[in-house]
There are 2 protein chains.
Amino acid sequence: MIVALAGGVGAAKFLQGLVRAIDPAEITVIVNTGDDITLYGLHISPDLDSVTYTLADANDSDRGWGLAHETFRCLEHLARYPVPSWFQLGDGDLATHLFRTSRLAEGARLSEVTAEIAEAWGVGARILPMTDDKVTTRVVIEEAGTGRGMDLHFQEYFVERQAQDPVREINYEGVEVADPAPGVIDAIESADGIILCPSNPVASIGPILAIDGIREALQQFSNKVVAISPLIRDAPVKGPADRMMPAAGLEVSAAGIADAYRDFIHTLVIDFADESKVPEIEALEVEAAPAQTLMRGVPQAKALAKTVLRLLEP
Amino acid sequence: MIVALAGGVGAAKFLQGLVRAIDPAEITVIVNTGDDITLYGLHISPDLDSVTYTLADANDSDRGWGLAHETFRCLEHLARYPVPSWFQLGDGDLATHLFRTSRLAEGARLSEVTAEIAEAWGVGARILPMTDDKVTTRVVIEEAGTGRGMDLHFQEYFVERQAQDPVREINYEGVEVADPAPGVIDAIESADGIILCPSNPVASIGPILAIDGIREALQQFSNKVVAISPLIRDAPVKGPADRMMPAAGLEVSAAGIADAYRDFIHTLVIDFADESKVPEIEALEVEAAPAQTLMRGVPQAKALAKTVLRLLEP
């Protein structure tokens, strides 16, 4: 049994390789829900959806997010009303949000609904939200011009303002009282190997690690935990990791990633382009394993997955 | 100032003529909300939307309901999930449902949201829901085969089961504690004329009349109330009036319509085809005014509106 900790798009890309490298039934994915947002009354879980759609091969790989063959008619019409319309709401995607929202309103837990959605899409791997509780990644930015601090939802920072403001602070609101979703700790404890997908350590993996008991469980099993750096040559392949890591006290480099996870990983997979960082990483008592981490498509993702699985062999 | 009591499609068609016969700013439309339904957590108001879209000339006049150029991508995707998908949910229409639902969740009243939606569509007439409270038209049918009574939401009876079951009883659930929306009684009291649109007397006009104080207000001003029969040759132009009227103790004929409203209308506009019913209608102490009531398009609707307005002249 393999457990993967995942954010959205970068993680999903890797997972598309992992499900081709081993039987999907052997995989449990624990997904960040700190990006979840309620808009127009809809409970939107961007990372859960990215992972689900991608594992169903229904994602739009050109656009990089959302469903293939998506349309945006509802969003076009929403623009008529006095509501924010910066969130990219696809018509097909809306069905998922509506189903999730109405099931939650009926009293179902997010983990139950997530399983129902995965089943509806025929996903073979088990997908778990990190928690059934509400945890929200908030970003305190410095507003351009005024220099004033503004406390934003991650999606407002990332999508609405396109991650252009200097970041002062990141908080996982609600995390103090959140519990891991049913099955999360069990999955970690009984895993043969645990993979941290190449996701933003602050916005994607950070919230998962901050849930009570998860980091502690990983620390107990550090001999079976491998992480993949989301950075190549000190820059993220996608997303705002470079703009968020400094606010979390992390250097924007493969060494900064090793630093973020040093208490519970035995190996960090880095890109061949970052081989010069190996001494720095090993000084943190983390093994460094260079590989090709850039995934242009499924074949590269599968090759990377095989490399990681080899590192997890006893 | 002219007040119109309206259901959905038939009323909307007539109103498209009315707004061309007099200044829309002189018109207040009081709309049935007994058909409102919550689906997937969305507050859907079919009659309010039909009236709004039609007055904005944004309706699909071929299909007979919903928005022109509508797509149904979200509905197609909903079919993947274990939820009912019999309700025709358009992608553009969804924006209205989302806006309404989220405004109501914020604490806005339906009448406020209705005004906001009308404004967003540039509708010149004032549109009021009959009530801000929850009133639901329920239809007790006799299930084919078993003969068992089943208590259905009007939309389940009408859309899901296509009005094919024998109707035993109609109830307006919640009507006992409902109040007219702000402005409804004032509009009736200060109107120069009041028109009952050619709508189903049981499913569309019935719920409005059942709200505390509305029928009583109309009775006080019966000298200025005219109704238009939705029936031609004892059959509705559209919809299930013929299948619902008997359960309300009404004959399916222009005379049955006169009977339903006899306590507060002075004139019933009937189709030329129903001139033979005049004596029967006048026996109920209601004037009968034959006209062309079938509206194939806006010109006929405008002509009918002018006829009705003439009947309202002092």
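Which residue in β13(B) does B:V226 stand opposite? I started my notebook with that one, and I found B:T267 there. A reminder to myself before going on: this is a predicted model.

**Entry 1: the strands of chain B**

The pair I had just looked at belongs to β10 (residues 225-228) and β13 (residues 267-271) of chain B, which run in the parallel sense and share three bridges. I then stepped back to see the sheet around them. I found seven strands of chain B in an open sheet, and I wrote down their order as β5-β2-β1-β9-β10-β13-β14. The pairing in this sheet is parallel. At the edges I noted β5 (126-129) and β14 (287-291) of chain B, each pairing on one side only. I also looked up the twist: neighbouring strands are turned against each other by 25 degrees on average, with direction ignored.

Next I checked what lies across these strands. Helix α1 (residues 9-21) of chain B lies across β1 (2-6), β2 (27-31) and β10 of that chain. Its direction is at about 165 degrees to β1(B).

**Entry 2: a loop residue in chain B**

Is B:A283 buried or exposed? I placed this residue in the loop between α12 (278-282) and β14 of chain B. B:A283 counts as exposed because it has 10 C-beta neighbours inside 10 Å, and the cut-off for exposed is 12 or fewer. I also took one distance from here: B:P236 is 47 residues away along the chain, and the two C-alpha atoms are separated by 23 Å.

**Entry 3: a covered helix in chain A**

For contrast in topic, I turned to helix α11 (residues 254-261) of chain A. How many of its residues are buried? I got eight of eight, so I put the helix down as mostly covered. Among the buried residues of α11(A) are A:I257, A:D259 and A:Y261. What covers them? The cover of the buried residues of α11(A) includes strands β9 (193-196), β10 (225-228), β11 (231-232) and β13 (267-271) of chain A. Helices α8 (201-210) and α12 (278-282) of chain A are also part of that cover.

**Entry 4: two helices packed in chain A**

I picked out helix α4 (residues 91-105) and helix α5 (residues 110-120) of chain A. Their axes are 10 Å apart and make an angle of about 145 degrees. The crossing of α4(A) and α5(A) is right-handed. On the α4(A) side I listed A:T96, A:F99, A:R100, A:R103 and A:L104. They meet A:L110, A:V113, A:E116 and A:I117 in α5(A). By class, this contact has five nonpolar, one polar and three charged residues.

**Entry 5: where the chains meet**

Helix α4 came up again when I looked at the contact of chains A and B. Each chain gives 20 residues to the contact. In chain A, α3 (73-78) and α4 each supply at least two residues of the side that touches chain B. The largest share of that side, nine residues, comes from α4(A). I sorted the residues on this side of chain A into 11 nonpolar, six polar and three charged.

How are the copies related? A rotation of 180 degrees, with 0.0 Å of shift along its axis, superposes chain A on chain B at an RMSD of 0.0 Å. That is the relation of a two-fold axis. In chain A, the residue that comes closest to the rotation axis is A:D91, at 3.2 Å by its C-alpha. Finally, I noted that 100% of the interface residues of chain A are also interface residues in chain B, so the copies meet through the same surface.

Note on methods. Residues numbered from 1 in each chain as written. Chains lettered and ligands numbered in written order. Predicted model: local features only at pLDDT ≥ 70, side-chain atom pairs only at ≥ 80, totals over all residues. Axes fitted to C-alpha atoms, helices over the stretch in contact; angles between N-to-C directions. Helix = DSSP H or I, 4+ residues; strand = E, 2+ residues; numbered from the N terminus. Left-handed = near helix turned anticlockwise from the far one by under 90°. Contact = placed C-beta atoms within 7 Å. Nonpolar A, V, L, I, M, F, W, Y, C, P; charged D, E, K, R; others polar. Pairing = 2+ DSSP bridges. Least-squares fit on C-alpha atoms with pLDDT ≥ 70 in both. Buried ≥ 20, exposed ≤ 12 C-beta atoms within 10 Å, placed from the backbone.
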